Amino acid sequence: MNYTPIARLIFDKIARRTDRWTTEEKEIQLRQLRSLLKRGSSTEPGRRHDFASIAASEDVYEKFHRRVPLVEYEDIREDVMRMIEGESDVLWRGRCKNFAQSSGTSGGRSKYVPVTDENLRRGHYKGSADCVAHYLRHNPKSRLFSGKGFILGGSFASELKPSDPSVRVGDLSATLINKINPIANLFRVPDKRTALIPNWKRKLPALVEAAERENITNISGVPSWFLTVIKEIMKKRGVEKISDVWPNLEVFFHGGISFEPYREEYQRITDPEKMHFLETYNASEGFFAVQNDPADHSMLLIVDNDVFYEFIPVDEPDPVAVPIWGLENDKVYELVITSSNGLWRYRLGDTVRVTQLNPVKITIAGRTKCYINAFGEELMEENAEKAVAAVCAQTGAGVRNYTAAPVFAEGNRHGRHQWLFEWDEAPEDTERFADLLDAALREENSDYDAKRNGDIFLDRLELITVPDGTFDRWLRTIGNHKLGGQKKIPRLSNDRRIADAILGLLSF
């Protein structure tokens with residue numbers, strides 16, 4: 001039975017509320033801030049900075065900006081650990097019993113992000129509903145609810161062992177699956193037990209078994225991991241396209257990493273007449289944005305999801321955080337959030353490019369600590385992702401994972417960038433791929449091009465192919481032993497710690 005017409009009655013209303021953001025973003029964001037401050041007034045930051053009086057003042061943002069300092073994760077790590085051990089009213093009111101473990105780019109040392117019930121209900125699940133609502137709005141012929149969604153998640157495997165067994169630490173996706181409305185289980189696979197299997201070697205065949213015979217209309221997850229699962233299903237069924245297994249597959253809701261290096265491969269294995277791709281910005285810290293227009297790869301910032309946003313310009317010498325009404329179009333900002341998981345003026349570590357105002361739309365530019373500027377080239381993750389995607393499309397190569405780092409000048413050689421690639425589909429000629437990638441990077445980034453000009457300051461990049469499974473082995477060495485979750489490979493590093501550790505695992 002096709003339940004999509006019934007679902008539209010609900011999701012059309014959800015999509016329509018976002019139309020007000022064109023004129024009401026400032027008012028909505030100020031209401032979010034007042035609400036967060038009132039609910040957080042009994043917390044330790046709330047008492048320390050007198051959130052109650054800030055919330056009651058007319059110039060609420062000015063007082064908030066002046067009294068409450070910006071923080072990074074290491075500033076609140078001890079507070080989060082106290083929450084994990086059962087203390088109440090620390091960063092958020094009451095007790096929090098769910099925490100998302102994420103490595104981010106913090107040098108291999110895991111972060112544990114509180115995932116409160118309010119944060120789930122008003123943030124993560126609300127963002128998921130927005131995603132479906134905008135998809136249905138732009139696809140009147142959709143039969144999304146005539147079959148099931150395949151949701152790929154992680155597990156509660158964790159390096160932490162809380163003293164209270166009711167406290168769950170693991171991937172954000174595990175918490176989302178574990179606490180999802182039971183009605184949603186009627187429209188998704190796999191079942192909860194299979195979805196939360198911690199051992200990926202056991203999980204992969206179980207996922208294949210759970211999904212290969214189902215009528216899958218939509219898939220949700222991280223592109224790199226989902227591609228592994230899909231290819232296992234294709235291999236088992238002896239087909240070249242996943243659309244031959246799931247003929248009604250129509251959309252991939254993806255996020256976690258850039259989709260660009262994987263877009264070409266997904267387009268190859270799906271039905272181009274039916275398939276759509278919708279990007280989401282759903283981090284451990286919150287669900288922040290969703291692609292609301294299939295013709296525009298930028299994402300609509302969700303402004304009523306229990307998050308108050310601030311933005312730090314990345315190209316100013318003495319930058320000052322600004323609220324949403326202080327943004328300028330086509331500028332890159334570091335994202336700062338205040339939300340109902342107890343993160344107060346928290347520097348997320350992500351950078352975004354504003355592509356539209358009223359309502360605000362963004363693209364993810366990269367990480368504040370994920371770049372290479374060893375030679376004045378200022379290569380950002382955004383540049384790298386676009387260049388890799390372009391060269392993959394040109395050569396037919398498929399990338400599973402990659403990372404890059406500088407190699408500093410030695411002997412008669414200038415400095416260069418060293419790229420480590422693990423392939424899904426290796427190019428016929430890796431040296432040609434390296435030439436094309438070097439050229440694409442020069443096209444994407446004028447500073448890199450200037451440093452490469454005449455091979456005077458910077459030599460052509462070096463490309464090294466690493467064996468299958470190398471990046472997984474590296475994750476295990478830093479304690480991130482579980483696969484298929486929130487673990488991200490830093491694409492660019494301004495030093496050689498990660499590259500040297502990975503190369504150290506190999507025997508050349």
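This is a stop-by-stop tour of one predicted chain, from its overall shape down to single residues.

**Before you start**

Residues are numbered from 1 along each chain as its sequence is written. Since the model is predicted, local features need pLDDT of at least 70 and side-chain atom pairs count only at pLDDT 80 or more, while totals for chains, interfaces and linings use all residues; side-chain values use heavy atoms, with hydrogens and water left out.

**Stop 1: the whole chain**

Select everything and show it as a cartoon. You should find 17 helices and 19 strands; helices (H or I, at least four residues) and strands (E, at least two) are DSSP runs, numbered from the N terminus. The C-alpha trace spans about 65 × 60 × 50 Å along its principal axes. For 508 residues, a compact globule would have a radius of gyration near 23 Å, and the chain agrees with its 23 Å. That radius is taken over C-alpha atoms, and the globule rule is 2.2 Å times the number of residues to the power 0.38.

Now colour by accessibility. Buried residues make up 57% of the 508, where buried means under 20% relative accessible area, exposed over 50%, and partly exposed in between (1.4 Å probe, protein chains only). Of the contacts with a separation of 6 or more, 68% are between residues 24 or more positions apart; a contact means heavy atoms within 4.5 Å.

**Stop 2: the second largest pocket**

Select V314, D315, V332, E378 and M380, the lining residues that lie nearest the centre of the second largest pocket. The full lining has 21 residues, and the space inside is about 550 Å³. Here is how such spaces are found: on a 1 Å grid over the protein atoms alone, a cavity is a set of points where a 1.4 Å probe fits but cannot get out, and a pocket is an open set with protein on both sides within 12 Å along at least five of seven lines; lining residues have an atom within 4 Å of a point. Grid points are joined across faces, edges and corners, and a volume is the space filled by probe spheres set on the points.

Next, highlight β12 (332-339), β13 (346-356), β14 (361-367), α13 (381-395) and α15 (446-452), the elements that each give two or more residues to this pocket's lining. Among them, α13 gives the most, with 3 residues. Colour the lining by class and you will see 11 charged, 5 polar and 5 nonpolar residues. In this scheme Ala, Val, Leu, Ile, Met, Phe, Trp, Tyr, Cys and Pro count as nonpolar, Asp, Glu, Lys and Arg as charged, and the others, Gly among them, as polar.

**Stop 3: the cavities**

How many cavities of 30 Å³ or more are there? The count comes to 2. For the largest, with about 40 Å³ of space, select H134, Y135, H138, N139, H276, L278, N292, D293 and P294. Two elements, α7 (117-138) and β8, give two or more residues to that lining, and α7 has the largest share, 3 residues. By class the lining divides into 3 nonpolar, 5 polar and 1 charged.

For the second largest cavity, of about 30 Å³, select H254, R263, F277, E279, Q291 and H297. This lining holds 1 nonpolar, 3 polar and 2 charged residues.

**Stop 4: T270**

Zoom to the loop between α12 (260-269) and β8 (276-283), where T270 lies. Is T270 buried or exposed? T270 counts as buried because its relative accessible area is 3%. Show its side chain, which reaches the backbone oxygen of Y266 at 2.6 Å. Leaving out residues up to four places away in sequence, T270 touches K241, I242, S243, L249, M275 and F277.

**Stop 5: backbone details**

Select V189 and P190: the peptide bond between them is cis, with omega near -5°. P190 sits in the loop between β5 (188-189) and α9 (192-195). Then go to N358 and P359, also joined by a cis peptide bond, with omega about 0°; P359 is in the loop between β13 and β14.

Finish with D50, a residue other than glycine whose phi is positive, near 55°. D50 lies in the loop between α3 (44-49) and α4 (51-56), and is partly exposed, with a relative accessible area of 37%. D89 also has a positive phi, about 55°, although it is not a glycine. Look for D89 in the loop between α6 (73-84) and β1 (98-102); D89 is partly exposed at 27%.

Note on methods: Polar contact = N/O pair within 3.5 Å; in protein donor to acceptor, adjacent residues only side chain to side chain.
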